2 protein chains.
Amino acid sequence: MVVKVYVDMLSQPCRALILFLKNTKIPFEVVTISLRNGDQKKAEFTKVTPLNTVPAIQDGDFCLGETVAIIRYLATKYSDLVPDHWYPKDLKKRARVDEYMAFHHTGTRGGCCGVFVNEVIFPIFNGGKQVPEEKAKKDLENMKTQLDKLDRAFLKNNNWLAGDDISVADILAVSEMMQNTVKDRDVTEGRPQLKAFVNRVKKRLNPVFDEVFAALYGWRESFKK
Amino acid sequence: MVVKVYVDMLSQPCRALILFLKNTKIPFEVVTISLRNGDQKKAEFTKVTPLNTVPAIQDGDFCLGETVAIIRYLATKYSDLVPDHWYPKDLKKRARVDEYMAFHHTGTRGGCCGVFVNEVIFPIFNGGKQVPEEKAKKDLENMKTQLDKLDRAFLKNNNWLAGDDISVADILAVSEMMQNTVKDRDVTEGRPQLKAFVNRVKKRLNPVFDEVFAALYGWRESFKK
C-alpha cells in the first residue's frame, strides 16, 4: 500500500514531510494541492482533512492532517522502514524530539513565518504595499526571540536540535528558515551557530535536500528577475 | 519515584497538565513557579528547562519542557497508571489526539490567548490602557477562525475533540477557553456546540475540575471587585 501525501512544495511543513519521507523507505505518492489555486478549500480535499491545510495524508482509508501528527503516525506504523534517528524509539530521546516539535509551532515557525508573511506574502496580495512599520518591527523582534531560543536552548553544545543525531526536529526547523531566503532574508545572519547548523543539515541530506527545495529555489529566482 | 511538576496554576497549559495528572495514578509533587514573580527566569529554573517556560517536569534526572511533550512522555512511561482514553495506545486513535495537539498551539491556544493577552494582560502592564482597536479586532477575528475549526472539524458529529472518549486534547482546549472567562469573555457565546462541549468536560471531571481551576476562579473574583 502506498501512502498518498497531499502537499504544496512551496509550503514549509510540506517540504519537511517530503524530506523526511525521502529519507525513509515508506512507499508514498505525491498529490499536489496548490495553495495559490485554493485547492485546499475544495470539497474533495475537505474529505481528506476538514482542517483544509497541507500537508495531509491518506493511508488506506485513514486520513490525517498536521505535519507532526503525520510524522509520528508514519514513524510508528512503518517503524521498520524509518531509520531510528529520525524519531527515536527510546523514551527520553523521543521526548527531546517531541519537546522541540511542540516548541516549533509558535517558536521557529511562528517567528520565521511572521516575517515571511510580512515581507513576501503581504506585498503579493496588497499590490506591493508593505505592512505597517510597527508590525514589521514587532514580528522581527519575535523572530529574534525565537531564534535566540534555538541558540541558547536547543543548539547549546549540540550539533542537532534534539539529540546526538539528525531528527525530524532539524528538518522542520530548517524548512522554516529556508522559506525566508526567497526574498533575500537570511535569518541566520549574525548567528554563526545557527548558520553552521543549517549548512550541516543541508550537507547531511544532499542531494535530496536540494531536490526537495527546488520549487523554493525557483521561486527565489523569480524574485531576482 | 515522584515526578516533580513545575507549574503556575494561572497558566492554561499548567492547569491542563495538572488536570491530566490528577486523573491518573502517576505520583507527582507540585513545585510552584510564579510567573508574576519571574521565577521562570531564575538560574535555578533554567537548569530544569532552558526554555524558561511552564510547565516543566523533573523525573529522576530527566528534565523536560513543553506540555504536549510532557504528556506524551508521562503517558508512555507510566502507561499502566494512565487510563487509556487519555492518550490511546491504538495507532489511529493516538494519531487523532496528536492531530488535535498539533493544531492546538496556533489553533485554540493561539486564538484564545491572543484575545486574553489583549483584554487581560496588556492593560495590567500598561496602566489600564487598551491595545489599539485594529489589533483587538484582528485577534478577535483570528479567535473566531480557530474556534470555527473546532466546531467544523474536531467537534463535528463528535462529543470530544479527538475520538469517542475524553482525552488530553479536551483538557488542553478547555483550559484555554476557561482562561478568557477571568474578565467575562465567554468564547463559547453563540456557539451552542462548543458551550455544550465545555460543560461536558467540566461535568465529566468534577469535582477535580473545579479544584484545578480554583486559582483561576479566584482571579476572576478579584476582577469583579
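Helices here are DSSP runs of H or I at least four residues long, numbered from the N terminus. By that count, S222(A) sits in helix α10 of chain A. Keep in mind that this is a predicted model. Below is a quick tour of that helix, one buried loop residue, a pocket and a cavity.

**Helix α10 of chain A**
- This helix runs over residues 214–224, and its buried residues are L216(A), W219(A) and R220(A).
- Those three cover an arc of only 100° around the axis, so they end up on the same side of α10(A).
- As a rule of thumb, an α-helix has 3.6 residues a turn, so residues three or four places apart point the same way.
- Among the elements that cover the buried residues of α10(A) are α1 (12–22), α5 (108–125) and α7 (168–179), which belong to chain A.
- S222(A) counts as partly exposed because its relative accessibility is 42%, in between the 20% and 50% cut-offs.
- Measuring from C-alpha to C-alpha, S222(A) is 31 Å from E44(A), with their places 178 residues apart in sequence.

**The annotated domain**
- An unreviewed UniProt entry carries the annotation "domain: GST C-terminal" for residues 90–225 of chain A.
- In the model, that span is 72% helix and 0% strand, and its end C-alpha atoms are 49 Å apart.

**T49(A), a loop residue**
- You'll find T49(A) in the loop that links α2 and β3 (56–59) of chain A.
- With a relative accessible area of 1%, T49(A) falls under the 20% cut-off and is therefore buried.
- Leaving aside residues up to four places away in sequence, T49(A) touches A56(A) and G65(A).

**The second largest pocket**
- Its volume comes to about 470 Å³.
- The lining of this pocket has 21 residues, and P50(A), R96(B), A153(B), F154(B) and K156(B) lie nearest the centre.
- Both chains chip in: α2 (43–48) and β4 (62–65) of chain A, plus α4 (91–106) and α6 (133–154) of chain B, each supply at least two lining residues.
- Sorted by class, the pocket lining is nine nonpolar, seven polar and five charged residues.

**The cavity**
- Searching the whole structure turns up one cavity of 30 Å³ or more.
- The largest cavity has a volume of about 50 Å³.
- Lining the largest cavity are A75(B), S79(B), V82(B), P83(B), D84(B), Y87(B), K89(B) and R94(B).
- That lining splits into four nonpolar, one polar and three charged residues.

Definitions and conventions:
Residues are numbered from 1 along each chain as its sequence is written. Chains are lettered from A and ligands numbered from 1 in the order in which they are written. This is a predicted model: local features need pLDDT of at least 70, side-chain atom pairs count only at pLDDT 80 or more; totals for chains, interfaces and linings use all residues. Side-chain values use heavy atoms; hydrogens and water are left out. On a 1 Å grid over the protein atoms alone, a cavity is a set of points where a 1.4 Å probe fits but cannot get out, and a pocket is an open set with protein on both sides within 12 Å along at least five of seven lines; lining residues have an atom within 4 Å of a point. Grid points are joined across faces, edges and corners, and a volume is the space filled by probe spheres set on the points. Ala, Val, Leu, Ile, Met, Phe, Trp, Tyr, Cys and Pro count as nonpolar, Asp, Glu, Lys and Arg as charged, and the others, Gly among them, as polar. Buried means under 20% relative accessible area, exposed over 50%, partly exposed in between (1.4 Å probe, protein chains only). The arc is that of the directions from the helix axis to the C-beta atoms. Contact means heavy atoms within 4.5 Å. UniProt positions are given in the numbering used here, feature names are shortened, and annotations may be inferred rather than shown by experiment.
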